[in-house]
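Visitor: I am new to this structure and would like a close look at one part of it. Could you take me through it slowly?

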Amino acid sequence: MKSTQHKFTATAIGALCLVGVALAAAPAKSSQPKQPADQRAALVLLDAERHLVLEEMRNFLAVLQIITDALPREDMKEVARAARTMGSGAANEIPPITVAKLPEEFKMLAGGVHTSFDLIALDAETLGDPRHTISQVGEMLQKCNACHGIYQIKVGKESRAKK
Ligand code: HEC
């Protein structure tokens with residue numbers, strides 16, 4: 001009798017384990033529609049367009065690195081030169097056909113960043129005050145953050161971004 005009991009207990013434990021594994025493998029399958037984790041508005045672009053936008057982003061970051069490197073040395077000429085490469089007069093890598101797909105708010109925020117770079121360049125030359133430049137960089141970073149809080153980029157066969 002005892003061995004049958006053991007067998008039963010072992011089987012029961014085995015069954016419980018299986019249930020546990022099954023539950024862990026399929027977590028919280030609720031009746032609610034599946035919400036994507038990233039709730040930011042999606043700009044749907046072609047793969048090549050996404051690449052250009054992200055490349056511009058990385059250039060922003062690279063220029064910020066050059067500026068923060070030059071500031072402690074008070075090399076305001078270098079600050080101005082670097083900032084100007086991202087200013088509104090700089091060659092725009094993003095073709096008009098892609099720009100046309102971007103929502104107005106996105107373009108306004110992007111324009112604001114380019115204008116900030118213009119001002120950083122101008123003030124670095126005329127005022128030559130690193131502390132002033134740092135506060136301008138801080139203000140500009142708010143614009144970067146604002147846009148990142150609103151948008152994400154997705155790749156689609158057909159781009160659809162405007163709303
Ligand atoms: C007009 C909107 C906008 C502005 C302004 C903006 N970004 Fe972005 N940035 C984006 C979007 C959208 C992405 C893609 C985010 C995603 O899909 O998760 C991005 C991605 C990036 C990335 C990641 C690039 C990669 O290769 O994945 C970096 C770095 C970045 N931004 C830096 C900056 C910096 C620095 C600034 C300010 C100087 C800035 N961005 C301003 C919209 C913006």
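Visitor: Which residues does Ala124 touch, not counting residues up to four places away in sequence?

Guide: Happy to help! Residues are numbered from 1 along each chain as its sequence is written. This is a predicted model, where local features need pLDDT of at least 70, side-chain atom pairs count only at pLDDT 80 or more, and totals for chains, interfaces and linings use all residues.

Leaving out residues up to four places away in sequence, Ala124 touches Met76, Val79, Ala80, Ala83 and Thr133; two residues are in contact if their C-beta atoms, placed from the backbone, lie within 7 Å. Ala124 also belongs to the largest nonpolar core, a group of 15 residues in which Val79, Ala83 and Ala124 touch the most other members. Two or more residues of this core come from each of helix 2 (47-70), helix 3 (76-84) and helix 5 (104-126). A nonpolar core is a set of buried Ala, Val, Leu, Ile, Met, Phe, Trp, Tyr and Cys residues joined through C-beta atoms within 7 Å. Buried means that 20 or more other C-beta atoms lie within 10 Å of a residue's own, with C-beta atoms placed from the backbone.

Helices (H or I, at least four residues) and strands (E, at least two) are DSSP runs, numbered from the N terminus. In helix 2, the buried residues are Glu49, Val63, Ile67 and Ala70. They pack against strand 1 (41-45), helix 3, helix 4 (96-99) and helix 6 (130-150).

For the wider setting, the protein chain has six helices and two strands, and 14% of its 163 residues count as buried.

Technical notes: Buried ≥ 20, exposed ≤ 12 C-beta atoms within 10 Å, placed from the backbone.
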